[in-house]
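Please find below my note on the side-chain contacts. It deals with charged pairs and with aromatic rings.

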Amino acid sequence: MDQVELFKALANKTRLQILTWLKSPEEHFPDYEPACGSTDVGVCVGYIQKKSGLTQSTISEYLSTLHRVGLVSATRVGQWTYYKRNEETIATLGNLIDTL
């Protein structure tokens, strides 16, 4: 894990909000319906974009940044991409912060 890139990814308010929203999607996305009937797939970009009020291209860029540093995982279902938090990386980040 590149620590500098990880902290850069976290240095954006919206990317932090996305991580918070993905922690409990049912709470933050009232019309959220799990893909394929499973919450393991994640949340569609469209839900995240709608909640943020930003353009789809901006949200896609933010999610790409979070994915690149390992804070979220992406699953493709048909034409849609779904994102969820990578709890293992987030736990590693917590340990890193405790160590620093």
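The numbered points take the charged pairs, then the rings.

1. The model is predicted, and the points below should be read on that basis. A search of the whole structure gives three salt bridges. They are taken one by one in points 2 to 4.

2. In the pair K8 and E5, the closest N and O atoms are 3.4 Å apart. Both residues belong to helix α1, which spans residues 3-9. Their spacing of three residues is about one turn of that helix. K8 has a relative accessible area of 49%, so it is classed as partly exposed, since exposed would need over 50%. E5, at 32%, is also partly exposed.

3. D31 and K50 form a salt bridge with an N to O distance of 3.4 Å. D31 sits in the loop between α3 (25-28) and β1 (43-44), while K50 is part of helix α4 (residues 45-52), so this contact ties together parts that are 19 residues apart in sequence. D31 is partly exposed, with a relative accessible area of 38%. K50 is exposed, at 59%.

4. E87 and R85 make a salt bridge at 2.7 Å, N to O. The relative accessible area of E87 is 42%, which makes this residue partly exposed. R85 has 14% relative accessibility and counts as buried because the limit for that class is under 20%. The pair therefore joins a partly exposed acid to a buried base.

5. Turning to the rings, the structure holds two aromatic pairs. W21 and F29 form an edge-to-face pair, with 6.2 Å from centre to centre and 85 degrees between the planes. Both W21 and F29 are buried.

6. F29 also pairs with Y47, again edge-to-face, at 6.4 Å centre to centre and with 65 degrees between the planes. This pair links distant parts of the chain: F29 lies in the loop between α3 and β1, Y47 in helix α4, and the two are 18 residues apart. Why is F29 classed as buried? Its relative accessible area is 3%, and the class takes values under 20%.

7. Through these ring pairs, W21, F29 and Y47 are linked into a cluster. The loop between α3 and β1 holds F29 and also D31. Helix α4 holds Y47 and also K50. The loop and the helix are thus joined by an aromatic pair and by a salt bridge.

Note on methods: Residues numbered from 1 in each chain as written. Predicted model: local features only at pLDDT ≥ 70, side-chain atom pairs only at ≥ 80, totals over all residues. Heavy atoms only, no water. Salt bridge = Lys/Arg side-chain N within 4 Å of Asp/Glu carboxyl O. Helix = DSSP H or I, 4+ residues; strand = E, 2+ residues; numbered from the N terminus. Buried < 20%, exposed > 50% of the residue type's maximum accessible area, 1.4 Å probe, protein only. Phe/Tyr/Trp six-rings, centres within 6.5 Å; stacked < 30°, edge-to-face > 60°.
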